[in-house]
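Reader: I have a model open and want to read it feature by feature. Where should I begin?
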Amino acid sequence: MSTAKKNQFHHYIPRFILRHFTEEPRKGEPLGTREPRGKGKPRRKGKHNEQTRRIKTYRVLDHSITPEDVGRIYGEHNMYKDIRLEDCMEFEDRLSKMESSAATFIQTIMAGQDISLTRPKLEDFKKFLTIMMYRGESRRGQYVNDSFDPPTRMIIRNHMRINNIANLQDVWFKNLQWIIKTPVDDIVEEERSANIGMAEALVARSVANLPMDSLSAGMRYEGPINILELMEFAIMFTNFVCIWEAQEGSEFILTDNSFGCYEKHDSVVVHNFFIISPKYAVVLVKRSCMIPPGAKRQKGSWSENIHANPEVVYANKNTRNMKTGMVNPELLSPDDVFKYRRIVVPKQRVWFVNSIFLDVKNKYISYKSDGAMYRTLKYYDRNKKELFDNRYDYSILKRKLFLEMNRTHST
């Protein structure tokens, strides 16, 4: 059996997003670290090489700030180690098509154009974000290092036994394969059926005077992927999309754990963040947090002014009942169009989101401007005792930024 080629580098934050954090090389400045051309080999014209673009990055372990090559950061070498080459190629081909579509949509956000997606494009966009999150170092690392809590490990091992899967890497990849091939409606329906089965198992245990054990109920699921991942994916796909624009004077940052990082309220995930540039973030919002069309916003609510329902143009004008506002699911069409607007979020909200990223153990922190990064660190230091759990110390980075800002202003 041929397996995936070694020494390949696969990004878990797309390179077209990393490029938004870079600056164009100054005139006369070398573009990057590619090996020099051999004699007689002409320089390629008219196409800028993305791998030579640099992203300003703080390396947390050695406390250094370096301009990193976007072609060699926020990714993994040999991500598909020990996976069949044919399976890898098929998956990457499907993912490449999704990435191309996502890049086009994100470019419309960046360019200030009208933001709209058809229903299938919207589903593919949410699926692409979710897959990239799942390919991330922290999520994939759980399977590489078997770093699950005991109940999760039991459910995954049971899934492996039922489906005759030999190792955890295969579980991770088979989850990805199924998700990328399966229509969103089928994924949501599979999750609904799984929940019904778990509920029936809990009722049966209750009738038999056994403890209401959700772990035992989860162990009864015999579907195509791990039940825990299925439930998370289904929730992500039914979440609403919002486009956040950072208020002037603030910028979003990137870290190796930021893509898909979440915010909780009362132990429930309400936001998953996908930073696409220093200025913009795509946010997947839990459905219950959204205000139904026509309903009044509760003044002073924590979610006030940071969520906005899309304007939906239905192909069939009878899809939404004008009196009740209810939607007939049987009349939904692939030609329905979702139109989004950019929501300008206050600086404090941008700094709060950045601080969520900072309160996770990271290897890399990337940012566009020193001043914006410095203001984020000031916010984190002021609020970490009250709002955050890990309360990491970034005093060295803060001092480096302060000195660099002073040096720049004095010249």
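Author: Begin with helix pairs. Axes are lines fitted to C-alpha atoms, for helices over the stretch in contact, and the angle between N-to-C directions runs from 0 to 180 degrees. Keep in mind that this is a predicted model. Now take helix 3 (residues 119-134) and helix 6. Their axes come within 11 Å and cross at roughly 175°.

Reader: How do I turn that angle into a word?

Author: Angles over 145 degrees count as roughly antiparallel. Helix 3 is therefore roughly antiparallel to helix 6.

Reader: Which residues of helix 3 and helix 6 meet?

Author: From helix 3, Lys-127, Ile-131 and Tyr-134. From helix 6, Trp-172, Asn-175, Leu-176, Ile-179 and Ile-180. By class, this contact has 6 nonpolar, 1 polar and 1 charged residues.

Reader: Now helix 2 and helix 6. At what angle do they cross?

Author: The axes of helix 2 (residues 85-110) and helix 6 (residues 168-181) cross at roughly 45° and come within 11 Å. The two helices are therefore oblique to each other. Their crossing is left-handed.

Reader: What makes the contact between helix 2 and helix 6?

Author: Helix 2 brings Asp-87, Cys-88, Glu-90, Phe-91, Arg-94, Leu-95 and Met-98. Helix 6 brings Phe-173, Leu-176, Gln-177, Ile-180 and Lys-181. The residues of this contact divide into 7 nonpolar, 1 polar and 4 charged.

Reader: On to burial. Is Arg-140 buried or exposed?

Author: Use the cut-off: under 20% relative accessible area means buried. Arg-140 has 10%, so Arg-140 is buried. Its place is in helix 4 (residues 137-145).

Reader: Which residues does Arg-140 touch, leaving out those up to four places away in sequence?

Author: Glu-76, Asn-78, Met-79, Tyr-134, Arg-135, Gln-169 and Trp-172. Two of these names have come up already. Tyr-134 is in the helix 3 side of the contact with helix 6, and Trp-172 is in the helix 6 side.

Reader: And how do I read Ala-199? Where does Ala-199 lie?

Author: In helix 7 (residues 184-207). Values between 20% and 50% count as partly exposed. Ala-199 has 39% relative accessibility, so Ala-199 is partly exposed. You can also check a distance here. The C-alpha atoms of Ala-199 and Gly-218 are separated by 9.6 Å, and these residues are 19 apart along the chain.

Reader: Next, strands. How do I read pairing?

Author: Look for bridges and direction. Strand 6 (residues 240-246) and strand 10 run antiparallel, joined by 6 bridges. One pair to find is Glu-245 with its bridge partner Tyr-280 in strand 10. Strand 9 (residues 268-275) also pairs with strand 10 in the antiparallel sense, over 5 bridges. There, Phe-273 has Val-283 of strand 10 as its bridge partner.

Reader: How many residues does the hairpin use to join strand 9 to strand 10?

Author: The hairpin runs through 4 residues.

Reader: Which residues lie on each side of strand 10?

Author: Tyr-280, Val-282 and Leu-284 are on one side. Ala-281, Val-283 and Val-285 are on the other. Both faces are covered. In strand 10 (residues 280-285), 6 of 6 residues are buried.

Reader: Finally, the whole chain. How many helices and strands are there?

Author: The chain has 12 helices and 14 strands. Of its 411 residues, 45% are buried. For contacts, look at separation along the sequence. Among contacts with a separation of 6 or more, 71% are between residues 24 or more positions apart.

Key: Residues numbered from 1 in each chain as written. Predicted model: local features only at pLDDT ≥ 70, side-chain atom pairs only at ≥ 80, totals over all residues. Heavy atoms only, no water. Parallel < 35°, antiparallel > 145°, perpendicular 65-115°, else oblique. Left-handed = near helix turned anticlockwise from the far one by under 90°. Contact = heavy atoms within 4.5 Å. Nonpolar A, V, L, I, M, F, W, Y, C, P; charged D, E, K, R; others polar. Buried < 20%, exposed > 50% of the residue type's maximum accessible area, 1.4 Å probe, protein only. Pairing = 2+ DSSP bridges.
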